[in-house]
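Q: I am new to this structure. Please take one chain and go through it closely.

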Protein chains: 12
Amino acid sequence: MSDHHVYKKVEIVGSSKTSIEEAIENAVAECGKSVKHMEWFEVMETRGHIVDGKVGHYQVVLKIGFRITNS
Amino acid sequence: MSDHHVYKKVEIVGSSKTSIEEAIENAVAECGKSVKHMEWFEVMETRGHIVDGKVGHYQVVLKIGFRITNS
Amino acid sequence: MSDHHVYKKVEIVGSSKTSIEEAIENAVAECGKSVKHMEWFEVMETRGHIVDGKVGHYQVVLKIGFRITNS
Amino acid sequence: MSDHHVYKKVEIVGSSKTSIEEAIENAVAECGKSVKHMEWFEVMETRGHIVDGKVGHYQVVLKIGFRITNS
Amino acid sequence: MSDHHVYKKVEIVGSSKTSIEEAIENAVAECGKSVKHMEWFEVMETRGHIVDGKVGHYQVVLKIGFRITNS
Amino acid sequence: MSDHHVYKKVEIVGSSKTSIEEAIENAVAECGKSVKHMEWFEVMETRGHIVDGKVGHYQVVLKIGFRITNS
Amino acid sequence: MSDHHVYKKVEIVGSSKTSIEEAIENAVAECGKSVKHMEWFEVMETRGHIVDGKVGHYQVVLKIGFRITNS
Amino acid sequence: MSDHHVYKKVEIVGSSKTSIEEAIENAVAECGKSVKHMEWFEVMETRGHIVDGKVGHYQVVLKIGFRITNS
Amino acid sequence: MSDHHVYKKVEIVGSSKTSIEEAIENAVAECGKSVKHMEWFEVMETRGHIVDGKVGHYQVVLKIGFRITNS
Amino acid sequence: MSDHHVYKKVEIVGSSKTSIEEAIENAVAECGKSVKHMEWFEVMETRGHIVDGKVGHYQVVLKIGFRITNS
Amino acid sequence: MSDHHVYKKVEIVGSSKTSIEEAIENAVAECGKSVKHMEWFEVMETRGHIVDGKVGHYQVVLKIGFRITNS
Amino acid sequence: MSDHHVYKKVEIVGSSKTSIEEAIENAVAECGKSVKHMEWFEVMETRGHIVDGKVGHYQVVLKIGFRITNS
């Protein structure tokens with residue numbers, strides 16, 4: 001519509017029992033339920049819970065950027 | 001519903017004339033009017049205004065994390 | 001309504017082919033379409049795309065703070 | 001005098017045996033003896049001394065911003 | 001014993017339902033059960049849990065410095 | 001025993017020839033040999049050695065948090 | 001006078017309704033009223049106020065370095 | 001050539017007597033003399049020299065990212 | 001040749017559709033085409049593109065350290 | 001005079017042709033000409049000029065803390 | 001024993017009246033009294049006390065990494 | 001040639017068995033073999049290896065800035 005775009009970033013924490021990548025995928029998938037035009041993510045923190053002396057699940061804090069519609 | 005949760009963090013600034021803790025409580029209370037399932041907060045910055053040579057009010061910048069419903 | 005205010009900050013990326021200031025103005029203008037009571041912004045990052053060996057457009061990542069109505 | 005203001009920030013460390021807030025108030029009060037037009041503060045660090053296994057006093061490192069007169 | 005001292009820093013997280021200061025005191029008191037010659041603390045992070053829309057407890061991440069005996 | 005807990009964080013570097021996740025698991029497993037009540041980890045740095053032009057092993061610097069018994 | 005120089009840095013906030021560059025120039029000009037031998041500046045933060053949905057003015061936080069006379 | 005790209009980032013400092021944007025353009029133009037496939041830049045620092053109480057020139061430290069040919 | 005070594009670090013961005021580890025491997029492999037004696041890498045940022053609501057590819061920004069020949 | 005002290009920190013850049021330590025000593029000595037009750041310093045940055053392919057002089061950016069008299 | 005190692009990092013503050021290097025050596029020597037297999041150190045902060053207008057002693061905050069035996 | 005200069009920064013790690021300053025000199029000397037017009041350096045990290053409970057050698061990570069010829 002115009003010659004410039006505007007984006008918004010939201011901060012989402014995904015988790016997974018398996019891998020960092022799956023935690024990222026879970027965050028992106030959940031975010032996509034309410035947000036359109038997602039374009040990129042940035043990992044801010046990687047952490048997790050420990051259960052019985054093992055990694056219980058990974059938690060990845062992401063910023064997800066999406067284009068604001070009509071911008 | 002699933003074996004993993006997804007959280008969102010929002011950034012809120014609370015203020016109080018009295019204390020840092022009250023500024024945090026004010027931010028959490030206001031945030032809770034529109035957000036459910038708040039689980040934690042992280043203090044990002046503590047600052048404030050000075051009025052007549054004294055602290056006028058404290059301002060605390062928080063990130064508040066909440067679970068996304070149904071995630 | 002009360003003796004204290006609560007603010008929210010959102011993270012917006014504006015862009016412009018011309019200048020950093022215009023990218024900021026574009027971000028603020030777009031944000032103002034859905035948010036009232038915007039009071040301040042903070043520049044988090046300045047970056048841009050390069051096209052044919054020249055700056056194609058500037059991208060400025062801002063945090064925009066606005067007062068939560070009735071707080 | 002003009003349509004813009006200029007501010008200076010100074011870095012002050014206040015202390016208190018009682019609370020973080022009192023350490024901030026002490027820093028602001030002392031700073032106000034030599035500086036006028038103080039408008040805001042930013043907490044940079046919170047730390048303290050330990051005496052006999054208890055907090056002896058809190059030390060809060062602040063930046064205090066004040067308007068330069070006539071700016 | 002010598003003309004110089006050596007210190008160690010440990011990272012402790014204290015919590016309190018009441019205040020940031022009490023969370024710090026709790027961390028220092030617990031640390032003092034196993035460590036002697038504690039001399040200072042540095043606040044690294046302030047955060048907390050939210051329960052039923054209110055601050056459930058404050059969590060303060062500290063570094064506590066203590067002199068290594070005989071150094 | 002009391003209504004508040006105190007935690008300690010230690011900094012551990014795990015390594016693995018295979019993946020970042022395995023390096024984390026290795027660090028947690030080794031730490032668990034001397035520490036009980038591990039509850040969470042935070043990734044501080046991800047790095048590694050290069051051998052013959054390939055990743056020789058991943059090194060992940062973690063902070064591991066555990067509850068201090070009886071706190 | 002000697003074979004080495006000593007510099008001091010002060011932290012100044014300039015503002016402008018027009019541009020980031022003018023805010024910097026305003027800070028430098030005001031600082032120059034009380035300080036001689038200014039040699040460099042470093043931008044620490046760029047922010048601003050929003051008025052009626054537009055940038056009201058830019059605020060640029062600078063460190064300004066100047067040589068201490070006779071050093 | 002493959003289904004993934006590899007980029008390199010170099011750190012360049014551009015300067016200009018006029019504006020931050022021109023300093024960026026100067027850095028990009030100079031970098032383009034020896035590097036092809038430049039795609040983006042990131043501003044790392046903005047600073048400058050002060051001459052006779054005014055901004056002598058702006059210095060902008062950029063990272064410039066370019067695609068490695070054939071990657 | 002001498003009793004000390006000198007290393008250089010370059011900043012490389014690798015990408016992969018599959019995993020963070022593969023993005024690192026891709027960056028290291030590409031870098032190895034022009035650089036010898038690579039010894040270590042440090043992950044600076046992890047990010048990626050989102051395509052159709054899923055991770056399109058991971059992008060990992062690395063610093064790669066290599067020994068300068070004959071140093 | 002009171003049961004608490006207030007300190008101020010100033011930022012000073014010392015230089016030396018010989019060593020980092022001498023640059024620090026030069027900064028402290030110069031600062032001591034106008035400031036009393038200096039108690040500690042913190043190194044913020046270490047840098048320097050290169051002349052004819054060698055270190056011309058070291059520049060050390062310090063914060064120097066001093067007690068405000070009568071506080 | 002295994003094909004991977006695990007390391008721990010501890011944070012130690014060494015001091016010296018003479019030099020930064022000696023403060024580092026003092027920290028390493030003291031740490032070596034209770035820890036085996038020390039492999040590397042990282043300087044986190046350099047600071048010191050000022051006595052009678054001169055550097056009284058240097059304080060260097062280090063992280064010291066050591067291999068956990070049998071890992 | 002023009003009224004503005006462009007600089008490049010490279011990241012070099014120097015080492016020395018003796019001192020931090022010598023590690024810096026070694027890095028600058030080695031860098032000078034392939035780069036002309038070096039003008040300044042910035043210390044990014046100071047670290048080192050420990051051998052037999054003593055500092056084996058210091059490693060200093062520098063950024064070295066040099067003017068691009070003809071800029």
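A: Helices and strands here are DSSP runs, with at least four residues for a helix and at least two for a strand. They are numbered from the N terminus. The model is a predicted one.

Take chain A. On that definition, chain A has 1 helix and 3 strands. Read from the N terminus on, its elements follow the order β-α-β-β. So the helix comes after one strand and before two others, by the DSSP runs used here.

Next, the overall form. The C-alpha trace of chain A spans about 55 × 20 × 15 Å along its principal axes. Its radius of gyration is 15 Å. For a compact globule of 71 residues, the value would be near 11 Å.

Now the contacts within the chain. Consider those between residues at least 6 apart in sequence. In chain A, 64% of these join residues at least 24 apart.

Then burial and surface. Chain A has 71 residues, and 61% of them count as buried. Buried here means under 20% relative accessible area. The accessible surface of chain A comes to about 3,000 Å². Carbon and sulfur atoms account for 48% of that surface.

Last, the charges. Chain A carries 9 positive and 10 negative charges. The mean positions of the two sets are 4 Å apart.

Two pairs of other chains can be added. Chain D and chain F share no contact, and their closest C-alpha atoms lie 15 Å apart. No contact joins chain E and chain L either, with closest C-alpha atoms 15 Å apart.

Key
Residues numbered from 1 in each chain as written. Chains lettered and ligands numbered in written order. Predicted model: local features only at pLDDT ≥ 70, side-chain atom pairs only at ≥ 80, totals over all residues. Heavy atoms only, no water. Contact = heavy atoms within 4.5 Å. Rg over C-alpha atoms; globule rule 2.2 N^0.38 Å. Buried < 20%, exposed > 50% of the residue type's maximum accessible area, 1.4 Å probe, protein only. Areas by Shrake-Rupley, 256 points an atom, 1.4 Å probe, with all protein chains shown as cover. Lys, Arg positive; Asp, Glu negative; His and termini not counted. Charge placed at Lys NZ, Arg CZ, Asp CG, Glu CD.
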